[in-house]
Amino acid sequence: MVNNIVVAIDGYSSCGKSTLAKALAKKLHFIYVDSGAMYRAVTLYFLRNQTDLSNHDLIIDALEHIDLNFHSRDYQSHILLNGEEVSDEIRQMPVSESVSLIASIKEVRKAMVRKQQKMGKSKNIVMDGRDIGTTVFPHAQVKFFMTADPKIRAERRYQELLAKGEQISLEEIFDNLAHRDFLDTTREESPLTRATDAIILDNTNLTEQEQLDFAIEKIRPFMV
């Protein structure tokens, strides 16, 4: 096996990036890093502390007081914010409604990219996010860009939140995803875009097993 293989997975919200990344990590015995969880944890911290997003100095100060750590159980990535397990809270709507805005802040992105690049220096990893193949790991051996029909994405997210007991309409989720797509693709700092060498994976009509098989086929040549 080639040492230090990096698999970069980018794409739109609720396209199943983390589902694929976790499945790949389990199948290949790689480490899974959820970059989106990092931005969500930062967002949670900013919301809790009512950080003024127009104040550069306050943003820098807040970032200096944020400590993020991952731990893994059964190939599931759990994130700690200053020692507190926040994996469930960062998936709730208040964070979802603000994460794209906060993730677009230059200082936030630079801080998270530094952390992410450090994670990928010496281990085989699968990392998913918005700018992994373009900014974080532009030289990753394998890059995927995931997409799916917006209605399918909204329905998947709706079912996920329903299972967690959250009361929200499908229309609200559809609007939230559309807003996040706009912010992600138009932000000045590391916008969501497909790397020129990324493999497009449209999973609108694919099962989880089918998309996993597709990805494994593309990764195997680098594991000899």
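Which residues gather in a patch of positive charge on the surface? In this predicted model, the patch brings together K106, K110, R114, K115, K118 and K121. I should like to take one of these residues as an example. K118 belongs to helix 5, which covers residues 106-119. With a relative accessible area of 65%, K118 is exposed, because the threshold for that class is over 50%.

Let me turn to the opposite charge. A negative patch also lies on the surface, and E97, E171, E172 and D175 form it. Which helix gives the most to this negative patch? The answer is helix 8, residues 170-186, with three residues. D175 has its place in helix 8. Its relative accessible area is 45%, and D175 is therefore classed as partly exposed.

I now move from the patches to the paired charges. Side chains of opposite charge can pair when their charged atoms come close. How many salt bridges does a search of the whole structure find? The search finds ten, and I shall discuss some of them.

I begin with E89 and R48, whose side chains meet in a salt bridge with an N to O distance of 2.8 Å. This pair links distant parts of the chain, 41 residues apart: E89 sits in the loop between strand 5 (84-85) and helix 4 (93-103), while R48 is in helix 2, residues 35-48. Both partners fall in the middle class of accessibility. E89 is partly exposed at 30% relative accessible area, and R48 is partly exposed at 40%. The contact is also part of a wider arrangement, since a network of salt bridges links R48, E84 and E89.

The next pair is D131 and R109, which form a salt bridge with their closest N and O atoms 2.9 Å apart. Here too the pair links distant parts of the chain, with the two positions 22 residues apart: D131 is in the loop between strand 6 (125-129) and helix 6 (132-136), and R109 is in helix 5. Are these two residues buried or exposed? Both D131 and R109 are buried.

My last pair is D184 and R187. Their side chains meet in a salt bridge at 3.4 Å, N to O. Why does D184 count as buried? Its relative accessibility is 2%, and buried means under 20%, so D184 meets the cut-off. R187 counts as buried as well, because its relative accessibility is 6%.

To close, I return to the surface: K118 is exposed, whereas D175 in the negative patch is partly exposed.

Terms used
Residues are numbered from 1 along each chain as its sequence is written. This is a predicted model: local features need pLDDT of at least 70, side-chain atom pairs count only at pLDDT 80 or more; totals for chains, interfaces and linings use all residues. Side-chain values use heavy atoms; hydrogens and water are left out. Patches are made of residues with over 30% relative accessible area and no salt bridge: like charges are joined within 9 Å, nonpolar side chains (Val, Leu, Ile, Met, Phe, Trp, Tyr) within 5 Å. Accessible areas come from the Shrake-Rupley method with a 1.4 Å probe; for residues, only the protein chains shown count as cover. A salt bridge is a side-chain nitrogen of Lys or Arg within 4 Å of a carboxyl oxygen of Asp or Glu. Lys and Arg count as positive and Asp and Glu as negative; His and the chain ends are not counted. The place of a charge is taken as NZ of Lys, CZ of Arg, CG of Asp or CD of Glu. Helices (H or I, at least four residues) and strands (E, at least two) are DSSP runs, numbered from the N terminus. Buried means under 20% relative accessible area, exposed over 50%, partly exposed in between (1.4 Å probe, protein chains only).
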